[in-house]
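Work through these short exercises with the model open. Try each task before you read its solution.

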Amino acid sequence: MKTPSLTRRGILAVAASTGAAALLAQPTGLIDTARGSANSNCDPHASITPYGTNQAGITTNAPEHLQLAGFDLVPGTTREQLIALLQTWHEAIGLLTKGLPMPDAGAPDVAPADTGEALSQSADRLTITIGFGPSLFDSRFGLTGLRPEALVDLPAFTGDALDPTASDGDLCLQCCAETRLVAEHALRTLARLATGRATLRWTQSGFNELPTNPADGAGRNLMGFKDGTANLNPNDPTRMARNVWVDPSDGAAWLAGGTYLVYRRVFAKLREWDESVLSEQEDVFGRRRATGAPFGGTRENDPVRSELMPVTAHIRLANPRTGQDSEDERVFRRGFSFHDGLDTTGEYNAGLVFISFQRDARRQFIPLQTRLAASDALNEYITHTASAIFVIPPGTTAAGYIGETLLGAAPPRTTTPNPAADLRTPTVPGAPAAPAKPAAPSAPRAPGATPEAPRQVPRPKATKAKLKRKKAR
Ligand code: HEM
């Protein structure tokens, strides 16, 4: 049974009658659930805590909707402004993941702080994961010496046809939720809060559907096969520590508890695939389409016997099962399907938003994709069209912000000037940098310290022309 949750609309009604400050003091009626647990037991409207040792959205069960985005920082943005942006995002994420709207007093002559599309939804298991691209570690923010060795630029792989405008980025946001509106609203809100500091470079949406019958195992991708069967178990902390979470012994002390996200947009020639015969489709993957069973087995989770499938079969190449080495190489996949209409040739612009998390792409994703790019039978039907790698900093408390271990404690927040207001000072690309705020003494926040109440984000006033038009109506 679904847990009744207070929707954003209900919360706004409270706001209208009591004012935004009172709103923030309202008990939300939402439940902060743990991140994991079996999909079938998940309340699709629950609130997932954004605080913890690791960021949410990695071992959290993948929900139905994804909004992934890469951002570029606006030229001239200072380190202090980058910290202020990450802090503002962190505060907004605290609200969004509780299903709360961006607060304002609802004045009719200002643009609403909240864009409104998710007002009728609850938290809907929203998670937001923040990542930093290799370019963030160039000379702009004094981070060059802190770039982890494992944060390599991905090499060009055989067959790549990458669109650079849909790849890479200084920052990334992975917004996942059970409803599309909530995932979209999260990305749109955070992009809006970044105005003047960071611009969207690319976005990519994705979706997943669980089988109607949960006993049916993994969900299917658009090529009709069960996807995720042989994935790592996110609820196995020993396995996650071995293959996903960065350990202090890996070199970059600031990254302990973090990981690396690799994104590949994989276009699939669905029309050609649909006309290929079943035996060929099964040879491509090394699994039976109906059951997901590997060759030689009858059930999805039967052991994989590589010797029974073609040497070019996707799963044989993806996991050679040679013992310790291939176990260490395994990545944690958290992919989504995408379908973005038709391309210019009339082909479905569809495929897989491949996302994997790993401890070190140099010994995990890169050798894996090198093998697949060279010999995977699937290559006849797919093309990688976008790519990115991001380092995912560890999680934090309500009082911290994502990236704090890299960039240092944020200057203490005062009620004025409002850092969100500071974010709204438009910066023209190429214009001289806005003068940096005087360096405030950096006071580390005590872990677990009481979080400040999120401030109201001031909205630009309606223009005179707009007000005139309104009066004339
Ligand atoms: C359109 C692109 C792709 C499709 C349709 C696809 C589909 C599948 C399917 C159906 C399976 C078998 C079920 C399972 O164990 O999850 C699988 C397994 C796997 N795939 Fe892919 N995949 C794609 C791209 C990739 C890419 C780009 C990578 C990594 C570079 C990758 C890595 C893996 C791995 C590691 C496994 C598990 C192998 C095992 O341990 O048995 N896949 N994929």
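**Exercise 1.** What covers the buried residues of H7?

Solution. Start with the ground rules. This is a predicted model: local features need pLDDT of at least 70, side-chain atom pairs count only at pLDDT 80 or more, and totals for chains, interfaces and linings use all residues. Residues are numbered from 1 along each chain as its sequence is written.

Step 1. Find helix H7 at residues 278-285. Helices (H or I, at least four residues) and strands (E, at least two) are DSSP runs, numbered from the N terminus.

Step 2. List its buried residues: Gln 281, Val 284 and Phe 285. Buried means that 20 or more other C-beta atoms lie within 10 Å of a residue's own; exposed means 12 or fewer, and partly exposed is in between, with C-beta atoms placed from the backbone.

Step 3. Name the cover: it includes H8. Contact means C-beta atoms, placed from the backbone, within 7 Å.

**Exercise 2.** Why are the buried residues of H7 on the same side?

Solution. Step 1. They cover an arc of only 85° around the axis, which puts them on the same side of H7. The arc is that of the directions from the helix axis to the C-beta atoms.

Step 2. Recall the helix rule: an α-helix has 3.6 residues a turn, so residues three or four places apart point the same way.

Step 3. Check the other side of H7: Ser 279 and Glu 280 are exposed there.

**Exercise 3.** Is Arg 147 buried, exposed or partly exposed?

Solution. Step 1. Locate Arg 147 in the loop between strand E4 (127-132) and strand E5 (171-177).

Step 2. Count: Arg 147 has 17 other C-beta atoms within 10 Å, so Arg 147 is partly exposed.

Note on methods: Contact = placed C-beta atoms within 7 Å.
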